[in-house]
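Student: Got a minute to walk through this complex with me? I'd like to go over the interfaces and then the folds.

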Amino acid sequence: MKEFIHNFFVTIYKKFTKEGFDEVMKRFAKWRLASLLAFAALILSACSGHPYLSTLQPAGEVAQKQYDLMVFTTWIMFGVMAVVGIIFVIVLVKFRRKDDKIPKQVEGSHTLEIIWTVIPILLVLVFAIPTVIQLFDLADVKAMDKKNEEGKTDALVVNVRANLYWWEFEYPNEGILTSQDLVVPTDEKVYFNLIASDVKHSFWIPAVGGKMDTNTENTNRMWLKFDSEKADDVNNIFYGKCAELCGPSHALMDFKVKAIPRAEFDQWVGNMQAVKEPVQATEPLAQQGQEIFNQSCIGCHAVTPANTTPEAARLAPNLTTFGEREKVAGILDHTEENVKKWLADPETIKPGNKMSGTYGELTPEQLDALTAYLMGLKVQGE
Amino acid sequence: MSTMAQKKGFGAVLWEYLTTVDHKKIAHLYLIAGGFFFIVGGIEALIIRIQLLKPNNDFVSAGLFNEVITMHGTTMIFLAAMPLLLGFMNAVMPLQIGARDVAFPFLNSLGFWLFFFGGVFLNLSWFMGGAPNAGWTSYASLSIAQEGHGIDFYALGLQISGFGTLMGGINFLVTIINMRAPGMTYMRMPLFSWTTFVASAMILFAFPPLTVALFLMTFDRMFGANFFDAAMGGNTIIWEHFFWIFGHPEVYILILPAFGIFSEIFAIFSRKRLFGYSSMVFATVLIAFLGFMVWAHHMFTTGLGPVANAIFSVSTMAIAVPTGIKIFNWLFTMWGGSIKLTTPMLWAIAFIPSFIMGGVTGVMLGSASQDFQYHDTYFVIAHFHYVIVGGVVFALFAGAHLWWPKMFGQMLNETLGKITFVLFFVGFHMTFFIQHFLGLWGMPRRIFTFLPGQGLETGNFISSIGAFLMGAGTIVFLLNVVITAVKNEKVGNDPWGDGRTIEWGIPSPPPFYNFKQLPLVRGIDTYWIEKMEGRKELVPAEPLGDIHMPNNSFIPFMISLGLFIAAFGAMHHGDQGNTWGLPVLIAGLVITFGSMLTRSLKDDHGYHIHKEELIDDEDKGVRA
Amino acid sequence: MHAEEKMTLEKWPASPERQTLEAKNKFVGFWLFLGGETVLFASLFATYIALKDSVPKSDMALAKDLFEIPLAFAMTMILLTSSLTSVYAMYHMKNFEFKKMQLWLGITVILGLAFLGLEIYEFNHYVHEFEHTFTSSAFGSAFYTLVGFHGGHVAFGLGWIIALIIRNSKRGLNLYNAPKYYTASLYWHFIDVVWVFIFTVVYLVGMVG
């Protein structure tokens with residue numbers, strides 16, 4: 001490595017002569033193979049990102065299948081690059097100009113042409129077959145159409161609605177909805193209906209599976225499975241991203257996925273379903289906050305999880321579980337200070353968001369009160 | 001009219017360039033304008049990388065960042081890469097096929113001025129309310145929702161530029177079909193002329209869908225139509241289809257001429273003819289054909305369904321086959337040859353591993369189920385920069401060095417050329433290699449910042465440093481251009497010594513009529529054949545006679561200016577309280593159609609250079 | 001053969017539209033241009049087919065409610081006839097009969113104007129009787145764009161032919177303007193073919209589909 005850097009700087013600083021440059025290129029030729037191997041080692045090493053976010057640390061069946069295909073393809077591509085690389089290095093080392101002789105002018109070689117046409121065709125077939133099989137596997141959402149006697153599906157279905165710049169997750173079979181933090185059970189297929197309410201977004205949980213766009217004119221469908229062991233490794237929180245440019249705060253449209261065992265998930269659903277009325281705050285400061293909330297915020301933000309309001313009226317994230325969410329506004333750490341920061345000036349935190357300018361300036365007392373109220377919005381209890 | 005170069009004043013030179021219909025001067029115009037926009041796009045790239053140097057950076061705001069990424073992509077593809085390639089095609093192709101100019105010199109000039117005014121119009125958006133901000137792909141739901149005129153600048157600017165490109169495509173096609181020198185069959189044409197031919201055919205068929213898409217966008221935004229408004233029955237996926245039916249062939253339009261440039265370079269600097277010429281031609285045509293059948297691989301996550309995704313996935317991966325054929329043929333051109341590492345050859349050699357890396361990630365992206373993870377992440381950004389920079393930009397630097405003497409009569413400095421190469425090459429890999437991983441680690445594209453603690457800091461930092469090295473390399477290249485111009489050392493017709501094709505058999509730069517007598521073509525690599533048989537010049541195919549030349553004209557400039565003016569009217573006529581929009585739109589169109597009518601009503605027979613003047617030149621011209 | 005040469009019947013070649021290099025270039029170039037135009041109209045057809053049933057309210061007029069086949073048929077016959085008259089014009093051009101060529105081109109123009117007149121009447125009818133406008137729905141936008149672009153091409157073609165008739169009235173036929181007439185007639189045939197597709201895909205399918 002040191003010699004590599006030495007060579008590199010020698011070429012920059014040394015006075016350029018033809019001989020000097022040629023000599024250095026010869027030295028570099030040796031390093032090409034070494035660097036190729038170094039890259040291979042780098043790729044296979046622990047440079048695999050964070051387990052809650054990286055596609056290289058699959059935490060579910062879909063991501064695992066995609067990862068396996070990715071690795072398979074990469075190995076074959078390495079093989080191809082090795083073949084080309086060997087010819088390339090030989091050519092550069094062996095056929096440099098030594099004299100003024102005109103080399104033999106070769107028209108071509110039928111044999112070689114056939115070889116390097118047929119082998120790539122075979123390689124393409126080798127990729128194509130697992131790809132097509134996997135495509136149909138990943139697109140299999142038949143379980144979403146199978147309705148039982150109650151008119152519901154046996155499988156868990158989540159309706160994802162993407163908005164500028166927040167996510168809504170509705171559970172049609174359970175009759176509840178939430179925002180920003182998607183709660184799912186582990187070790188079973190979860191099915192998704194995907195749509196957007198304003199512009200095109202894209203729903204992506206990198207560690208768990210590939211993405212699918214949320215369009216404005218049609219519903220897309222996909223399934224994911226969340227592995228319980230991998231979920232344990234990340235404290236049950238996976239990171240979700242918006243993956244289609246949707247405006248200035250596209251970068252800030254993160255959501256979180258809480259992947260918990262089925263029993264806990266059922267409990268959460270039960271707790272949510274039990275909330276029929278807005279929970280009344282008990283502390284005086286929080287009560288003040290609730291008063292302010294009911295005069296203004298409640299016009300867009302619901303604090304009950306029933307999915308009975310029509311979609312067109314659900315203009316802002318549902319805040320039933322705000323107090324126990326991972327982040328504020330999807331991106332800030334979940335602290336009182338950050339809640340106040342967000343409420344005081346949302347435009348600075350998320351430029352272009354739809355809450356900016358919908359209410360007047362809040363006094364510090366109002367901010368304290370609202371924060372106390374919002375932080376108390378929970379369904380899991382202490 | 002004397003054929004000798006006259007000492008001209010600045011005003012005369014300016015007027016000459018404003019009215020020229022000479023393909024060689026138009027090439028200069030394309031190179032200057034394209035080079036200028038390349039710098040603009042490069043500055044936009046540096047702004048992006050500075051903003052992404054660290055998490056939660058505030059070098060530019062979120063809104064401005066979206067404008068910068070949009071303009072970076074749009075400028076680089078439409079206003080830098082395409083025009084620079086068109087510049088080389090203009091400068092070199094007619095010479096390579098032994099023609100005196102292109103088929104339609106007037107249209108050639110019109111093509112340039114339309115591109116120029118379209119590009120200027122688009123970039124005026126920076127100063128007139130904000131640049132477009134929906135990405136260079138301008139997907140319909142986001143772009144329709146944009147208030148302000150940014151997207152209008154995009155739609156109208158690209159429409160005007162696109163007309164110019166379409167004209168260029170038709171022009172080159174007819175030139176190659178009708179005007180090859182005697183003896184030049186199709187299978188004796190140099191590869192660069194072949195790739196010009198095939199790319200021009202692609203332009204002819206790929207640009208109309210973009211034209212339609214831009215009209216639909218213009219109508220929706222400025223005239224109340226409902227193509228993309230879901231509430232009124234519209235559908236935004238139509239835009240995606242049209243854009244990519246254009247957009248995918250577009251990237252092959254960019255890469256095929258680049259391949260052509262490298263084919264010339266490998267042969268020249270290995271002193272060996274291109275290995276597998278017929279296979280190379282076949283592979284070029286196959287890539288062009290397949291290029292029209294893969295567009296939905298940009299839409300795998302749109303929700304077209306597994307059948308559509310499967311079909312497009314297989315057809316996408318199939319393009320690896322003809323591309324691989326080309327790589328092997330280049331390697332075997334060098335095999336057994338006598339390789340000289342000049343600056344163009346360095347770029348060509350560096351292109352092979354760089355482009356292959358981009359190509360293999362392309363195959364991976366083409367596998368649709370994997371693409372669900374890669375799509376819209378930095379993995380895609382890494383892939384396309386590897387193929388576009390490692391393919392097209394390398395070819396542009398290589399072609400610039402190779403043909404500089406032929407276009408300007410001087411050689412660029414080899415030492416500075418090699419410094420440019422090292423800086424740019426190292427910077428390029430440093431910037432883009434790590435981006436493959438950033439994408440795999442979960443970083444979407446088109447994000448103005450990234451949050452701390454998600455594992456993205458180091459990669460972005462390294463990537464940003466690399467960008468500055470590329471900038472440094474580009475600056476060294478510009479210095480090279482200036483120093484070369486100042487030094488003004490003339491060279492002969494074959495300064496590299498190993499030229500194989502016709503352009504190296506005529507003076508550097510060529511006389512404005514190119515050939516006193518059209519050359520006789522006796523095989524592939526015409527000039528090489530003559531050199532190997534001991535001749536210093538090309539064999540003439542006709543006796544010395546009068547040469548018919550086209551007249552200069554200011555009308556192309558006027559036609560383009562009219563559309564430029566009309567675009568302002570179209571954009572603003574719908575604004576609240578606007579009164580001047582419609583009159584300006586009409587006035588602009590009157591200028592355009594009026595100029596066209598002026599052109600059509602007069603007879604324009606050109607002029608003739610008489611035989612006697614050509615004989616005079618014989619004694620005074622520069623000979624290699 | 002020089003383009004500026006004064007021509008007589010004896011000197012007039014068999015294919016006057018492709019005798020000079022410039023003429024050959026225009027011939028090939030224009031066919032290629034028509035190839036590009038074909039892709040352009042194909043894209044407009046695709047858009048129309050995708051959006052032809054897309055209206056925001058169920059009580060809005062669709063193809064079945066709007067189109068009157070007799071009118072569309074009349075327009076088709078007029079345009080087809082104008083193509084035929086342009087063929088007569090080219091026949092006379094090949095026989096160096098300048099005045100007859102100008103006459104038949106004039107008749108072509110009159111038929112083309114009749115076509116446009118009927119189309120304007122048709123659009124006016126839709127706008128006033130059905131409130132079917134460019135901005136009323138996606139169907140409306142797609143319809144008027146496809147049929148309107150075609151109409152725009154007809155108008156441009158008429159302007160082109162009229163300009164040729166006028167500009168050459170004193171010059172007569174020569175090898176410089178023969179290719180101009182020829183490419184104009186190629187263009188005219190092209191928009192006629194496009195209209196046949198419009199009649200089928202928009203009007204006929206609209207009544208059935």
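Student: How many salt bridges does the rule find across the interface of chain C and chain B?

Tutor: Two salt bridges turn up across that interface. Keep in mind that this is a predicted model. One to look at is Asp603(B) with Arg167(C), where the closest N and O atoms are 2.6 Å apart.

Student: Okay, and which helices of chain C supply at least two residues each to the side that touches chain B?

Tutor: Helix 1 (21-51) and helix 5 (138-167) of chain C each do that. Helix 1 of chain C gives the most, with 17 residues on the side that touches chain B.

Student: What's the mix of residue classes on that side of chain C?

Tutor: The side of chain C that touches chain B has 19 nonpolar, 13 polar and five charged residues.

Student: And polar contacts, how many residue pairs between chain C and chain B?

Tutor: The rule finds 13 residue pairs in polar contact across the interface of chain C and chain B, counting pairs with both residues at pLDDT 80 or more.

Student: What area is buried between chain C and chain B?

Tutor: About 3,000 Å² is buried there, and carbon and sulfur atoms give 72% of that. Asn25(C), Leu32(C) and Tyr176(C) supply 17% of the area that chain C buries against chain B, more than any other three residues. In terms of contacts, 37 residues of chain C meet 39 residues of chain B.

Student: What does chain C look like on its own, in helices and strands?

Tutor: Chain C has six helices and zero strands. Along the sequence the pattern reads α-α-α-α-α-α. Its C-alpha atoms fill a box of roughly 65 × 30 × 25 Å along the principal axes.

Student: Switching over. Which chains share the most contacts?

Tutor: Chains A and B do, out of the two pairs of chains in contact. Chain A and chain C do not touch, and their nearest C-alpha atoms are 12 Å apart.

Student: So what goes into the contact between chains A and B?

Tutor: That contact takes 98 residues from chain B and 91 residues from chain A. The two chains bury about 8,100 Å² between them, 70% of it on carbon and sulfur atoms. Arg271(B), Gln373(B) and Trp441(B) supply 9% of the area that chain B buries against chain A, more than any other three residues.

Student: How many salt bridges between chain B and chain A?

Tutor: The count is three salt bridges. One of them pairs the side chains of Lys200(A) and Glu240(B), at 2.6 Å from N to O. There are also 32 residue pairs in polar contact across the interface of chain B and chain A, both residues at pLDDT 80 or more. By class, the side of chain B that touches chain A has 53 nonpolar, 33 polar and twelve charged residues.

Student: Let's get to the sheets in chain A. What's the strand order in the one that includes strand 1?

Tutor: That open sheet of five strands has the order 3-2-1-5-8, with mixed pairing.

Student: Why do strand 3 and strand 8 of chain A have one side without a neighbour?

Tutor: Strand 3 (176-179) and strand 8 (220-225) of chain A stand at the edges with a single partner strand each, so one side of each has no neighbour in the sheet. Neighbouring strands in this sheet are turned by 25° against each other on average, direction ignored.

Student: How do strand 1 and strand 5 of chain A run, parallel or antiparallel?

Tutor: They run parallel, and seven bridges join strand 1 (residues 156-163) to strand 5 (residues 189-196) of chain A. As an example, Val160(A) has Leu194(A) in strand 5 as its bridge partner. Helix 6 (residues 262-273) of chain A packs on this sheet, touching strand 1, strand 2 (166-171) and strand 3 of chain A. The direction of helix 6 makes about 100° with that of strand 3 of chain A.

Student: And which strands are at the edges of the 4-10-9-6-7 sheet?

Tutor: The order 4-10-9-6-7 belongs to an open sheet of five strands in chain A, with mixed pairing. Its edge strands are strand 4 (181-185) and strand 7 (209-214) of chain A, each pairing on one side only. Strand 6 (residues 201-205) and strand 7 of chain A run antiparallel and are joined by four bridges. There, His201(A) stands opposite Thr214(A) in strand 7.

How values were computed: Residues numbered from 1 in each chain as written. Chains lettered and ligands numbered in written order. Heavy atoms only, no water. Contact = heavy atoms within 4.5 Å. Buried area = accessible area lost by both parts, 1.4 Å probe. Salt bridge = Lys/Arg side-chain N within 4 Å of Asp/Glu carboxyl O. Polar contact = N/O pair within 3.5 Å; in protein donor to acceptor, adjacent residues only side chain to side chain. Nonpolar A, V, L, I, M, F, W, Y, C, P; charged D, E, K, R; others polar. Pairing = 2+ DSSP bridges. Axes fitted to C-alpha atoms, helices over the stretch in contact; angles between N-to-C directions.
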